[in-house]
Amino acid sequence: MDHHNAPFTPRGSFRQFLDHLSGAGKAIGVLTSGGDAQGMNAAVRAVVRMGIYVGAKVYFIYEGYQGLVDGGNNIMEANWESVSSILQVGGTIIGSARCKAFRTREGRLKAAHNLVQRGITNLCVIGGDGSLTGANIFREEWNGLLEELAQTGKILEEEVKKHGYLNVVGMVGSIDNDFCGTDMTIGTDSALHRIIEVVDAIMTTAQSHQRTFVLEVMGRHCGYLALVSALACGADWVFLPESPPEKGWQETMCIKLTENRARKKRLNIIIVAEGAVDTQNKPITSEQIKELVVSQLGYDTRVTILGHVQRGGTPSAFDRILASRMGVEAVVALLQATPETPACVVSLSGNQAVRLPLMECVQMTQDVQKAMEERRFKDAVQLRGRSFEGNLNTYKQLAIKKPDSQIPKSGCNVAVINVGAPAAGMNAAVRSAVRCGVSEGHKMFAVYDGFEGFAKGQIKEIGWSDVGGWTGQGGSILGTKRTLPGKYLAEIAAQMRTHSINALLIIGGFEAYLGLLELSAARGKHEELCVPMVMVPATVSNNVPGSDFSIGADTALNTITDTCDRIKQSASGTKRRVFIIETMGGYCGYLANMGGLAAGADAAYIFEEPFDIRDLQSNVEHLTEKMKTTIQRGLVLRNESCSENYTTDFIYQLYSEEGKGVFDCRKNVLGHMQQGGAPSPFDRNFGTKISARAMQWITTKLKEAQGKGKKFVTDDSICVLGICKRNLLFQPVAELKEETDFEHRIPKEQWWLKLRPLMKILAKYKASLEVSDSGQLEHIHSGHVEPAAI
């Protein structure tokens, strides 16, 4: 293989893929429509670059459907550089407008004429359900529109034959996450970032004055933002359009607020979706709620309406990666489409890109609307999908403490422990575990300072209000150590006996996984260890076998992405500069690779894909070529342990020497800032939900054994809980042993390596992209497996 043509291609890996997909002679139009959302630009960039990569022409259609109808300069061919430096920009650079004309047949006739003139028969639409429905009508009318244009002599008969059908692929860009069929729409995660930033800021001032804050968030018809932000900040009460409060809610809410104050909570947060209603479909406004709290309780109360702040700002790492994956998948779907293919939407299910029939999704989205209008609220919640329902139930369980008299005591003691390095979101996981445990009737114990603290007996009972306000705290409040339990087994067993611990929840990284293996091996010797044990993965490195994601990795990724944005901007005044940035992760290249994808890097060096001096050489040449264009900045990420000899300094010196006279270099080691900071909304919710699920598992296991004095000795009583593709799975550590590379502390198979070629293609390298598993359309209704949506 010639290194110079294909730098950085994984040796002997995916081959059969994109090669047979050619876009030669095809033209793709890309437009953004409806309300803007952060991450739309990342999607536009991916469509343009992927289109050009496969040999198609790609056209920007400015101002949404209005530009499609008006034609002229609103439809312009895009080139590689047109989308440079837009990845970190919020909104949409090609503009979006509401368009009345496109709703009429005359408008669509003009639009069809404008497209045919340029030979565009592939349309990629990024917008909400209204925009996607419009695109589908256009597709169905296409042939008739062309016939009409031919009859009036505007186009030739052969053009009707040549451009006989229109392919449409949609991507959902909407901050409300109100579209059925996709777990996350583009922009939702970024909107949550804005909301959580505001809530964190408000909490400090409310704390000072013992105030109550009513926060109004967007979501006219969908309560997703309100629900998830309430879950992420531990709000006292939340109002949603889909799930109105029961009759007499005014009194219930006031009692709840009073109880919380009595538990020494100095502030109350109430979150309201702008579309919140009561059971009679009458609006519940933030002002009404404020008046109620003031008149009934006399609390100092303030209203904050977040408004368009939620649409603004830079897209989060999650949205950039999501939009880049969707954009590439959309181009592949357009190339694979035939006249028989229905319009599809590219969406996310768990951790997989899938294609769904556009009209099925729109139909289901409208069904939710109808259910709400007809006051069938239970149906509305179920139609929203299982992750919405799961979020709602988790919120209720964690926010509202039942009176002790209503909780049947289980007589079981459950311990929670943090192991390994701190990761943002660990505290959210501990809070969730403690509150779930309490609501299920267990006594909860906190173990301080990892296995070392366990051996020394640093164990205390921990209650419902002890974990209030923990979700937004970074690091680990319980304290965490990397020490393994191996040398303390007898002491740990003794402590389990002393406190009669019936189950153990471990929250941590690779050390927690190793610790679990050691505890499992010692069961024969110490019967105290024969209890259910489950581990929830929490580490910035995302290197725990048995899970695609770990708590803390998303926060670290956002830190890396933000820092790369700043570093790139620092060079905007200087000519031609390349930055070499070192990320954490041990031997696991997740942060370097995904950071590279989210920040628009030219290369990312990782341990999992060996590279040599020829690869480095060709990367330098590639950057030299790039500097001849209008793009005069380069970004190279390097994982801290990707190579023993090609160190960050070595790469920096090599680039400096080879780039002499063309570009200069700077290097930056990001270090421990990647482990700190307030947890991102994703990590708060992931930690909260996965930990609650782990506690349910523990409860089920303990119930099975009740009164039998049963010993837990089987493999399935000592598990890792993780997300695998689309499902939440409990996997016995004994089985995961086979899948682990213990020397390098990484799983043998890692899903994100499939996204490597994506980063290379978007940085203008030749790479073999594995096209989506089936390339077939799926249908919405999912099976009975537990959904992994976050």
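## Worked exercises on one model

Arg-105 is partly exposed, with a relative accessible area of 34% (buried means under 20%, exposed over 50% and partly exposed in between, using a 1.4 Å probe and protein chains only). Keep this residue in mind for Exercise 1.

A word on conventions before you start. The model is predicted, so local features need pLDDT of at least 70 and side-chain atom pairs count only at pLDDT 80 or more, while totals for chains, interfaces and linings use all residues. Residues are numbered from 1 along each chain as its sequence is written, and side-chain values use heavy atoms, with hydrogens and water left out.

**Exercise 1.** Find which elements hold Arg-105 and Glu-141, and work out what their pairing ties together.

*Step 1.* Look at the charged ends: Arg-105 and Glu-141 form a salt bridge, 3.9 Å from N to O. Arg-105 belongs to helix 3 (residues 105-117) and Glu-141 to helix 4 (residues 129-151), so the bridge ties together parts 36 residues apart in sequence. The criterion for a salt bridge is a side-chain nitrogen of Lys or Arg within 4 Å of a carboxyl oxygen of Asp or Glu. Helices (H or I, at least four residues) and strands (E, at least two) are DSSP runs, numbered from the N terminus.

*Step 2.* Check the partner's surroundings: Glu-141 is buried, at 18% relative accessibility.

*Step 3.* Widen the view: Arg-105, Arg-108, Glu-141 and Glu-148 belong to a network of salt bridges. Over the whole structure, the search finds 30 salt bridges.

**Exercise 2.** Describe how helix 9 sits among its neighbours, starting from its buried residues.

*Step 1.* Take the geometry: helix 9 (residues 286-297) has 12 residues and spans 16 Å from first to last C-alpha, close to the 16 Å expected at 1.5 Å a residue. The expected span is 1.5 Å times one less than the number of residues.

*Step 2.* List the buried residues: Ser-286, Ile-289, Leu-292 and Val-293. Down the axis of helix 9 they fall within an arc of 120 degrees, so they line one face; the arc is taken over directions from the helix axis to the C-beta atoms. As a reminder, an α-helix has 3.6 residues a turn, so residues three or four places apart point the same way.

*Step 3.* Turn to the other side of helix 9, where Glu-291 and Ser-295 are exposed.

*Step 4.* Name the packing partners of the buried residues: strand 6 (212-217), strand 7 (237-239), helix 8 (249-262), strand 8 (268-273) and strand 9 (301-305).

*Step 5.* Step past the end: Gly-298, just after helix 9, has a positive phi of about 70 degrees.

**Exercise 3.** Trace what the side chain of Thr-182 reaches.

*Step 1.* Locate Thr-182: it lies in the loop between strand 5 (167-172) and helix 6 (188-209). Thr-182 is buried, at 9% relative accessibility.

*Step 2.* Read the distances: its side chain reaches the backbone nitrogen of Leu-348 at 3.0 Å, and one of its polar atoms lies 3.2 Å from the backbone oxygen of Met-184.

*Step 3.* Leave aside neighbours within four places in sequence: Thr-182 then contacts Asn-177, Ser-347 and Leu-348, where contact means heavy atoms within 4.5 Å.

**Exercise 4.** How many disulfides are there?

*Step 1.* Apply the rule of two cysteine sulfur atoms within 2.5 Å: the count is zero.

*Step 2.* Test a candidate: the sulfur of Cys-412 is 15 Å from the closest cysteine sulfur, that of Cys-436, too far for a bond.

*Step 3.* Compare their settings: Cys-412 is buried at 10% relative accessibility, and Cys-436 is buried at 0%.

How values were computed:
Polar contact = N/O pair within 3.5 Å; in protein donor to acceptor, adjacent residues only side chain to side chain.
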